Amino acid sequence: MRGPTSSLYFWVLLAIVAGSLLGYFAPAAGTALKPLSDAFIALIKMLIGPVIFCTVVHGIAGAGSLAKLGRVGGKAFLYFEIISTIALALGLLIAHYLQPGAGMHADIGKLDASKVADFNQRAEQLHVVDYLLHIIPKTFVDAFVGSGDLLQVLLVSILFGIALNRLTPHSDLVVQIIETLGKIFFGMVGIVMKAAPIGAGAAMAYTVGQFGIGTLKPLVGFVLLFYSTCIIFVIVVLGTVARGIGFNIFKYLRYIRTELLTVLGTSSSESALVPLMQKLQRLGCSQSIVGLVVPSGYSFNLDGTNIYMTLATLFVAQALDIDLSSSQIATVLLVAMLTSKGASGVTGAGFVTLAATLATIPSIPVAGLTLILGVDRFMSEARALTNFIGNGIAAIVISKWEHELDMQQLQRELAQ
């Protein structure tokens, strides 16, 4: 019988605790570990593109009908829009009724707007036309070695898969080669994931060492409210979706606990993207649907980021004593629905997307973001975890809708 020390989950958890303690008691040493965290995330990102390419191409080439691709894409987009809107509305409602920023009476004249100038500049990347052009890589290879945007990889993979599908039955050899390459890349990910404790522990040591627990104190109520809202969303909203499909959300969370800890430690949902795709397939989801839904969800189904955007927007307004009318609150929701799409290709996506949202609402000065800049890093973990959980649920839902979910296998795996 395997003991707890043989589980990757145990070592990741131990590393996170050790990293937090190191960052707290020896901030300089904790900050110095950042290169280890960056190296681990870089290794994972290095393999994400090839894995998605092989998974999507193999799934489309073997799907038989190209009509399935359009059907799956349409269902996924519909699901993303519904769940994303619920996430945005939840953040908006909680901020509106609980008033987390009320009573701060912050003076906009005393805020240093230069601290968020860089985020404002990067927010320009979220303009719809510019981002649509950004999705198209300059060359085939650039999709894998350029900006690292998963939508570029997904676009190239879909086009390649469609072309390969249309060559059937003359494409069998190519399909076999891609399937073999996919197994090799998945194997490489398995090797890299052995270093997950090092990457997660180093990232946590850096976060605590660099920013310090003390930075949380002035805004601890806002941070706790955001975490609580994310928990409510996962348990109530995603839990209801899971129950409708036929499984328990808590069993699912336990099943992906190692990946959740990796995301928690690195504050990056991409760090566990490939292991999540592997586990979803073991749960009985279709390989082609997992390959399509999960990568696209990283740009169009950012539930944690959506909650953060509306909650933080109203918090800033309340802290600056700015009263928003019902029409202005509705505008916040509508604008956030647009700016939340395609944020994954931008560094510091959550904060940059928030800056893009405020830039379109004149009544709330963008300089107000300096109020939460110091604690944003501590909220990135909740954003990443919620995004990660939501994308896994999405793949299960679409697989169920397509009648390509093995429910017996799902229940059997979750019962372990």
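These legends describe close-up views of a predicted model.

**View 1. The whole chain is built from helices and has no strands.** The protein has 416 residues, and buried residues make up 53% of them. Its secondary structure comes to 20 helices and 0 strands. Among contacts between residues at least 6 apart in sequence, 84% join residues at least 24 apart.

**View 2. The largest nonpolar core has 110 residues.** Tyr79, Tyr252, Leu280 and Ile372 are the residues with the most contacts inside this core. Helix α19, residues 370-401, gives the most to the core, with 15 residues. A second core, separate from this one, has 9 residues, including Ala61, Ala143, Val175 and Ile178.

**View 3. Leucine 280 is among the residues with the most contacts inside the largest core.** Apart from its neighbours within four places in sequence, leucine 280 is in contact with Tyr252, Cys285, Val290, Val294, Gly392, Ala395 and Ile396. One of these partners, Tyr252, is also listed among the residues with the most contacts inside the core. Another partner, cysteine 285, counts as buried because its relative accessibility is 6%, under the 20% limit.

**View 4. Cysteines 230 and 285 are buried, and the structure has no disulfides.** Cysteine 230 has a relative accessible area of 4% and is buried. Cysteine 285, at 6%, is buried as well. A disulfide is a covalent bond between the sulfur atoms of two cysteines. A search of the whole structure finds 0 disulfides.

**View 5. Leucine 283 lies in the loop between α14 and α15.** Is leucine 283 buried or exposed? Its relative accessibility is 1%, so leucine 283 counts as buried. Not counting residues up to four places away in sequence, leucine 283 touches Tyr252, Tyr255, Ile396, Leu405, Asp406, Gln409, Leu410, Glu413 and Leu414. Leucine 283 and tyrosine 252 are 31 residues apart in sequence, and their C-alpha atoms are 9.7 Å apart in space.

**View 6. Helices α4 and α15 pack at an angle of about 40°.** Helix α4 covers residues 67-98 and helix α15 covers residues 287-300, and their axes are 10 Å apart. The crossing of these two helices is right-handed. From α4, the contact is made by Lys68, Leu69, Val72, Ala76, Phe80 and Ser84. From α15, Ser288, Ile289, Leu292, Val293, Ser296, Gly297 and Phe300 take part. By class, the contact of α4 with α15 has 8 nonpolar, 4 polar and 1 charged residues.

**View 7. Helices α8 and α15 cross at roughly 145°.** Helix α8 covers residues 150-166, and the axes of α8 and α15 come within 9 Å. The crossing of α8 and α15 is left-handed. Leu150, Leu151, Leu154 and Ile158 of α8 make the contact with Gly291, Leu292, Pro295, Ser296, Tyr298, Ser299 and Phe300 of α15. The contact of α8 with α15 divides into 8 nonpolar, 3 polar and no charged residues.

**View 8. Alanine 89 lies in helix α4.** Alanine 89 counts as partly exposed, at 24% relative accessibility. How far apart are the C-alpha atoms of alanine 89 and isoleucine 307? These atoms are separated by 7.7 Å, while the two residues are 218 residues apart along the chain.

**View 9. Threonine 262 is in helix α13.** Helix α13 covers residues 257-266. Threonine 262 counts as buried because its relative accessibility is 0%. Leaving aside neighbours within four places in sequence, threonine 262 is in contact with Val12, Phe40, Met193, Ala196, Ser271 and Ala272.

**View 10. Aspartate 321 has a positive phi, and histidine 403 has a positive phi too.** Most residues other than glycine have a negative phi. Aspartate 321 is not a glycine, yet its phi is about 60°. Aspartate 321 is found in the loop between α16 (303-319) and α17 (326-339), and is partly exposed, with a relative accessible area of 43%. For histidine 403, phi is near 60°. Histidine 403 is in the loop between α19 and α20 (407-414). At 73% relative accessibility, histidine 403 counts as exposed.

How values were computed: Residues numbered from 1 in each chain as written. Predicted model: local features only at pLDDT ≥ 70, side-chain atom pairs only at ≥ 80, totals over all residues. Heavy atoms only, no water. Disulfide = S-S within 2.5 Å. Buried < 20%, exposed > 50% of the residue type's maximum accessible area, 1.4 Å probe, protein only. Core = buried A, V, L, I, M, F, W, Y, C linked by side-chain atoms within 4.5 Å. Helix = DSSP H or I, 4+ residues; strand = E, 2+ residues; numbered from the N terminus. Contact = heavy atoms within 4.5 Å. Axes fitted to C-alpha atoms, helices over the stretch in contact; angles between N-to-C directions. Left-handed = near helix turned anticlockwise from the far one by under 90°. Nonpolar A, V, L, I, M, F, W, Y, C, P; charged D, E, K, R; others polar.
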